[in-house]
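Trainee: I'd like to learn how to read exposure and aromatic pairs in a model. Can we go through one together?

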Amino acid sequence: MSNPPLFRDPWAKREAWRKHPVFTNRAMFSSMFPGLGIALVAFTAYVVVDNFYSKAQPGAQQKH
């Protein structure tokens, strides 16, 4: 059995950027919403502190 001919891609160097780690699906998804994690933590902290202070002050009932 003979070895099949090895074909070299003349455009391999020009197409190499497509395989760079910056262009992976994970990297693209994480950069889709920059700051989302920080915003979620800040909003959660705000809600917790607001609920704590509204329960701590007996005269500060909110009207619905």
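Mentor: Sure, exposure comes first: buried means under 20% relative accessible area, exposed over 50%, and partly exposed in between, using a 1.4 Å probe and protein chains only. This is a predicted model, where local features need pLDDT of at least 70, side-chain atom pairs count only at pLDDT 80 or more, and totals for chains, interfaces and linings use all residues. Residues are numbered from 1 along each chain as its sequence is written, and side-chain values use heavy atoms, leaving out hydrogens and water.

Trainee: What percentage of the 64 residues of the chain counts as buried?

Mentor: The figure is 0%.

Trainee: And how do I read aromatic pairs?

Mentor: You describe two aromatic rings by the distance of their centres and the angle of their planes. Rings of Phe, Tyr and Trp (its six-membered ring) pair if their centres lie within 6.5 Å; planes under 30 degrees apart are stacked, over 60 edge-to-face, and the rest tilted. Searching the whole structure here gives two such pairs. In one, the ring centres of Trp 17 and Phe 23 are 5.4 Å apart with planes at 80°, so this pair is edge-to-face.

Trainee: What about the pair of Phe 52 and Tyr 53?

Mentor: Phe 52 and Tyr 53 are edge-to-face, at 5.6 Å centre to centre and 65° between the planes.

Trainee: Which of these residues are exposed, and which partly exposed?

Mentor: Phe 23 has a relative accessible area of 40%, so Phe 23 is partly exposed. Trp 17, at 44%, is partly exposed, and Tyr 53 is too, at 47%. Phe 52 has 56%, so Phe 52 is exposed.
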